[in-house]
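Colleague: I should like to go through the ligand site and one loop residue, and to hear the criterion behind each term.

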Amino acid sequence: MKAVVYTEYGDPEVLRLADIEKPTPKENEVLVKVYATSVTTGDVNLRNFVFVPQGLGFMARLMVGMNKPKKTVLGLEFAGEVVEIGTSVTRFKVGDKVFGLDSKQMGSYAQYKTVAEDVGITTMPANMSYEDAVAIPNGALTALTFLRKLGNIQKGQKVLVYGASGSVGIAGVQIAKALGAVVTGVCSTKNVELVKSAGADKVIDYTQQDFTQNGETYDLILDTVGKAPFAISKKSLAPKGAYLAVAGGVREMRQMMGNAFRGGKKVMAGTSSESQDYLIFIKELVEAGKFRAIVDRCYPLEEIAEAHRHVDSGRKRGNIVISVSH
Ligand SMILES: NC(=O)c1ccc[n+]([C@@H]2O[C@H](COP(=O)([O-])OP(=O)(O)OC[C@H]3O[C@@H](n4cnc5c(N)ncnc54)[C@H](OP(=O)(O)O)[C@@H]3O)[C@@H](O)[C@H]2O)c1
């Protein structure tokens, strides 16, 4: 099968098309014919540690390969069709259209990939293209993990999403809205309309206004890009508010350990959940019309280096999709 492989860390040019062996599903796995994948910040981190949080570079290398990548096919997100199932699989059948996130095995930059049936995979939302479905899991699962699991979001709360135009940010705006919050998004001028269209009650253009100077306070501040650190954001938090550090590094982990001594305001950091239950929850939001895919650009698999270059810029809007083969 065709796949995009990389055998060394570096610029997008390290990605190259190759013929590799088609995988065979283990007893608890399905084989998915991949029709669409994506370029997430996770993929560019694995390619060249582009957005790895401060202080975590060494640990990241230790996990994924000190001098060269242990796994040579990237691609966290996938959308496609189940074409074979392992002997013990009960949740899926051949012909199911599925989508999901598999950061453990990756391998979606290929015509086929195997996925364990109990990880972040479920059937696609009704009436959705593969290219739209694949743009959902990473941003939505991360935003949901931070807002619900770490932030314990409640109906009626005031939530500020900083970096509201990126993959996690634009998902955060929609999920916070769907969960009944009053949402303020912060982004640059060119993304104001996009963030409004995602449902934000208010949008602050950070090139015109500093949200920490407007006297407003928020129950949750979801900082998706790490550009509004706790030291800056804390005065805009309500007395028992939480700063949710999506791009948090060692500093935020230390701050989190100090939560008990800080008189109410908390810092929460962590990693995104890839639970199937969370993905099903997101799918239901999509089907209820409360969440939509935001696709910035779509590239063919052959132009994946160009797509990586765009993500490296840190300026993508929503998600970057890769069309594999229909
Ligand atoms: N903890 C976890 O488990 C987890 C999971 C997923 C992602 N992450 C991390 O979360 C971060 C965000 O991921 P993502 O995929 O959402 O990123 P992304 O889509 O690449 O974010 C791009 C957006 O960030 C905005 N941005 C850039 N600089 C900004 C600034 N100074 N102020 C406000 N907005 C700014 C840009 O908007 P403008 O052009 O308008 O500025 C752009 O729309 C990454 O560092 C990623 O590694 C962590």
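Colleague: What makes the pair formed by Val-246 and the ligand a polar contact?
Modeller: In this predicted model, a backbone N or O atom of Val-246 lies 3.0 Å from a nitrogen atom of the ligand. A polar contact is a pair of N or O atoms within 3.5 Å, so this pair qualifies. A polar side-chain atom of Arg-315 lies 2.5 Å from a ligand oxygen atom, and one of Thr-41 lies 3.1 Å from a ligand oxygen atom.

Colleague: Which numbering and which atoms apply here?
Modeller: Residues are numbered from 1 along each chain as its sequence is written, and side-chain values use heavy atoms, without hydrogens and water. Local features need pLDDT of at least 70 and side-chain atom pairs pLDDT 80 or more, whereas totals for chains, interfaces and linings use all residues.

Colleague: Why is the ligand said to lie between domain 1 and domain 2?
Modeller: Domain 1 (2–136 + 293–323) and domain 2 (138–269) both give residues to the shell around the ligand, so the ligand lies between them; the bounds come from an automatic or database domain assignment. The ligand is surrounded by 27 residues, each with a heavy atom within 4 Å of it.

Colleague: Why is Pro-125 called buried?
Modeller: Its relative accessible area is 3%. Buried means under 20% (exposed over 50%, partly exposed in between; 1.4 Å probe, protein chains only), so the term applies. Pro-125 touches Phe-99, Lys-283, Val-286 and Glu-287, not counting residues up to four places away in sequence; contact means heavy atoms within 4.5 Å.

Definitions and conventions
A polar contact is a pair of N or O atoms within 3.5 Å; within protein, one must be able to donate a hydrogen and the other to accept it, and residues adjacent in sequence count only if both atoms are side-chain atoms.
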